[in-house]
Amino acid sequence: MFKSTNLDMFTFPFTNYKNKTYRYSNDLVALGEDKVNFMKITPEYQAQIKRKRELLEEQPEVRYQSFPHTMEMQWEFVELIIDLAVDKYPEHFSIEKNGDQWTFSNHILGEKETFIFGDESSISLEPYDMIGRHFHHDYMLMVNRDDNFYLEVAQESFAALFSPHWNLGMSFNEIHGPVPFVSRDGVELTDRIRKFLLTIEPGAPRTRVNWNLMADRWDVNYETMDIWGPEREKVTAENAGELVHLRVEEQWFVRMPRSNAILFVLDTQFLPLEDLVLRPEWLEITYFNLADIPDYMAEYKGMAPFLPQSVEYLKNLIDSLKVK
Amino acid sequence: MYSSPVLYDQSETIKEKLAFNDKRKKHLIIYDQKAVSDVKQVLAKDTQEELEYEHFEIGDSIDLQALRTLLYSQKMGTHLYIASDWDHAAAVFAEAIEAGFTEDEIQTIIYGPKRRYIYCMKCYQKSEINYDDEVQCTHCNAYMEVGPFFSKVRKGYIGYPFIPN
């Protein structure tokens, strides 16, 4: 389990703190020029890549899925990812092109990928899987058809109730249907987001920040529900600081210019509740927001079994700081 | 195509009994021996002169060659009615989708039980189930709660694994 150590790079989710309250919204916003490029190399980069690759090696069926007809889109993805990486971090990544013969260098890891662009036989993995292993995000490619989006390629290592294996081929609405432990409150929101996604144009990605609490685990997928389901019960007001993590999912929706597909990028970040003391204003805002979560939302987010303990922990922490 | 509809127990095409869609020009009725008397009764009673009817009877087994020829030769405006047991219906349904029919153009009337499947999220295998809320995987024995979501790609309902108390 890793956590964010450079808090200047952590996406703190409660930006509506003036009201000291939190509700769901489809707040997909346009991006400032500095945020259009979603590449982000944090101090956790190497640890995340190591873990992501382990998961892909150990559980290929769980972590990576694609349809055979997606190869052209996969190469479009390769080009996009390399362009963004080289553009933002020329000191870390570089690309050399001799016609279709490309060499991508990852200077952080000291690795090179040499391939013939557009020729799958020149590499051992699928193109999307190959380049995705150099970056810590989860990547979902959704093809636009009949006013909906269908999941055709996915590489994932930090799933929250998502499974490339199960969700392959599903529409945006099917994937975001109510998840376990939930009511049906998410449905209307899902459809609003779907309609919004239809308006996204190439070169103008949108972003959205989602958050949750996780109990001692970064990976809560369907395949391991039997394990993490009961584990949520072990949180107490004493151990919540260490076990419970604020899980932030910064999402990007990028229109691919050639295929017209939407690339859905997730940057998942974790901060244990105990680290909130490093930013006292965050601690207080988080406490006010969590204390205000309605029951239905706690159920929907799967945090109901340990939310009261987490709120109590934060309250005790704030009180102890005041005493000092 | 992976997103093509499949017949499953909550398919919108499933109806209680055969009822002709009077907005269509032609009615194609495919039925097996379980449905034969009902179909003949409806045909004797509800047919209208200006509409066209065609039927195809399934005997002991489906003559696939004849079925395909029939489905592919249909023109726009044909409504398909499948009246049979589950296995015959599933086979005809799949052939009809392959031949270009959409769910809006198909009515399915099932004789006998409908089949349901669960997709195990532990071993990624499919098991046939009844209407219990909790079941065990017939391949890996994992306990699963039967979820409400159906995958057309995996052809089953999601099975959420749990460890029984």
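**Exercise 1.** In this predicted model, find which residues Leu141(A) touches, leaving out those up to four places away in sequence.

*Solution.* Start at Leu141(A) and take pairs whose C-beta atoms, placed from the backbone, lie within 7 Å. Once residues up to four places away in sequence are set aside, the partners of Leu141(A) are Met73(A), Phe77(A), Glu152(A), Val153(A), Ala261(A) and Leu263(A).

**Exercise 2.** Now place Leu141(A) in the largest nonpolar core and work out which elements build that core.

*Solution.* First, the members: this core holds 36 residues, and those touching the most other members are Leu141(A), Met142(A), Leu151(A), Ile262(A), Leu263(A) and Val265(A). Next, the elements: at least two core residues come from each of α3 (71-88), α4 (127-132), β6 (138-145), β7 (148-155), β9 (244-255) and β10 (262-272) of chain A. Then the shares: α3(A) provides the largest, with seven residues. Finally, look beyond this core: a separate second one has 29 residues, including Phe158(A), Ala160(A), Leu213(A) and Leu273(A).

**Exercise 3.** Describe the side of chain B that touches chain A.

*Solution.* Begin with the counts: 15 residues of chain B contact 16 residues of chain A. On the chain B side, β8 (143-151) and β9 (156-162) each contribute at least two residues. β9(B) gives the most, four residues. Sorting this side of chain B by class yields 10 nonpolar, two polar and three charged residues.

**Exercise 4.** Give the domains of chain B and the separation of their centres.

*Solution.* The domain assignment lists domain 1 (26-110) and domain 2 (116-162) for chain B. Taking the centres over C-alpha atoms, you should find 31 Å between domain 1 and domain 2 of chain B.

How values were computed
Residues numbered from 1 in each chain as written. Chains lettered and ligands numbered in written order. Predicted model: local features only at pLDDT ≥ 70, side-chain atom pairs only at ≥ 80, totals over all residues. Contact = placed C-beta atoms within 7 Å. Nonpolar A, V, L, I, M, F, W, Y, C, P; charged D, E, K, R; others polar. Core = buried A, V, L, I, M, F, W, Y, C linked by C-beta atoms within 7 Å. Buried ≥ 20, exposed ≤ 12 C-beta atoms within 10 Å, placed from the backbone. Domains from an automatic or database assignment.
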